[in-house]
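This report sets out the helices, buried cores and charged pairs of one protein chain. Please keep the sequence and the coordinates at hand while reading.

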Amino acid sequence: MEKFNEALFLTINAPAHPQALLLASARGLAEWTIWLIPLILALGWLRGDGRQRRLMLEAAASGGAGLLINQGIGLFWQHPRPFMIGLGHTFLAHAPDSSFPSDHATLIWAVAFSLLLHERTRAAGLALALLGLPVAWARIYLGVHFPLDMAGAALVSLTAARLALYQRRHLIGRLYRPILACYRLAATPLIRRGWILK
């Protein structure tokens, strides 16, 4: 399996002298797309009713659960990144920590899969899930992840989304009111002006 993983990595990984536009696009996808996650969740909260806000909290919990699972996997099984074993070409600075699973892909897909589980947010979830594919490609292309890191991220994300769904009554039910109260307190001036919903 490891040989297959390395061979597939070398097929996707950038050559020694990649095209400047492709390299810049890959860097943008690999580094900046992740910031869409808090933006989407915040907009969904600010523009939504109570039901939608609970779905945003569930999606955030899914993302958090996915990252926690990744940390646990990294503690028990350290898998080197390609540049740590001198494989391929690297065009993105990264700490030499465990590569499996990809945190970037996990966060994107855990939130996406959580949104996909509900009819109301399914379109946003599908768009986000598809957006995760070029991000996964970019991080392999730039030499900081293996393809199986992305497969692992998808499995962790599915698990995290299911966990968040099964625990929504206990977790979201208890967290929603205190979070809503804090939000209303902090956003009172904007709510009074009618810029955001109460």
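The sections below treat record annotations, helices, nonpolar cores, salt bridges and one unusual peptide bond.

## Basis of the report

The model is predicted: local features need pLDDT of at least 70 and side-chain atom pairs count only at pLDDT 80 or more, while totals for chains, interfaces and linings use all residues. Residues are numbered from 1 along each chain as its sequence is written, and side-chain values use heavy atoms, with hydrogens and water left out.

## Record annotations

An unreviewed UniProt entry carries the annotation "transmembrane region" for residues 20-43, 55-78, 98-117, 124-142 and 148-165. UniProt also places the feature "domain: Phosphatidic acid phosphatase type 2/haloperoxidase" (unreviewed entry) at residues 55-165. UniProt positions follow the numbering used here, feature names are shortened, and annotations may be inferred rather than shown by experiment.

Helices (H or I, at least four residues) and strands (E, at least two) are DSSP runs, numbered from the N terminus. On that basis, three of the annotated spans can be described as follows.

| Span | End C-alpha separation | Helix | Strand |
|---|---|---|---|
| Residues 20-43 | 34 Å | 88% | 0% |
| Residues 55-78 | 34 Å | 92% | 0% |
| Residues 55-165 | 9 Å | 68% | 0% |

## Helices α2 and α7

Helix α2 comprises the 13 residues 20-32, and its first and last C-alpha atoms are 18 Å apart, close to the 18 Å expected at 1.5 Å a residue. The expected span of a helix is 1.5 Å times one less than its number of residues. Leu23, Ala26 and Ala30 are the buried residues listed for α2, where buried means under 20% relative accessible area, exposed over 50%, and partly exposed in between (1.4 Å probe, protein chains only). Viewed down the axis of α2, the buried residues fall within an arc of 65 degrees, so they line one face of the helix; the arc is that of the directions from the helix axis to the C-beta atoms. The face turned away from this buried side carries the exposed residues Ala20, Leu21 and Trp32. The buried residues of α2 pack against α5 (103-116) and α6 (122-141), a contact being heavy atoms within 4.5 Å.

Leu23 belongs to helix α2 and counts as buried because its relative accessibility is 12%. Not counting residues up to four places away in sequence, Leu23 touches Pro18, Phe91, Tyr141 and Leu142.

For α7 (147-166), the 20 residues should span 28 Å at 1.5 Å a residue, and the end C-alpha atoms are 29 Å apart, which agrees. Buried residues of α7 include Asp149, Gly152, Val156, Ala160 and Leu165. The buried residues of this helix pack against α1 (2-12), α4, α5, α6 and α8 (168-186).

## Nonpolar cores

A nonpolar core is a set of buried Ala, Val, Leu, Ile, Met, Phe, Trp, Tyr and Cys residues joined through side-chain atoms within 4.5 Å. The largest has 25 residues, of which Ile37, Leu41, Ile108, Trp109, Val111, Leu115 and Leu128 touch the most other members. Helices α3 (36-46), α4 (50-76), α5, α6 and α7 each supply at least two residues of this core. The most is given by α5, with eight residues. Leu115 touches Met56, Ala59, Thr121, Arg122, Ala124, Gly125 and Leu128, not counting residues up to four places away in sequence. A second, separate core of 10 residues includes Ala30, Phe91, Tyr141 and Leu142.

## Salt bridges

Two salt bridges occur in the structure, each defined as a side-chain nitrogen of Lys or Arg within 4 Å of a carboxyl oxygen of Asp or Glu. One joins the side chains of Asp49 and Arg120 (2.8 Å, N to O). This pair links distant parts of the chain, 71 residues apart: Asp49 lies in the loop between α3 and α4, and Arg120 in the loop between α5 and α6. Asp49 is partly exposed at 39% relative accessibility, and Arg120 is partly exposed with a relative accessible area of 37%.

Arg81 forms a salt bridge with Asp97, their closest N and O atoms being 2.8 Å apart. Arg81 and Asp97 are 16 residues apart, in the loop between α4 and α5. Arg81 counts as buried at 4% relative accessibility, whereas Asp97 is partly exposed at 34%.

## A cis peptide bond

Most peptide bonds are trans. The bond from Phe100 to Pro101 is cis, with omega near -15 degrees. Pro101 is located in the loop between α4 and α5.
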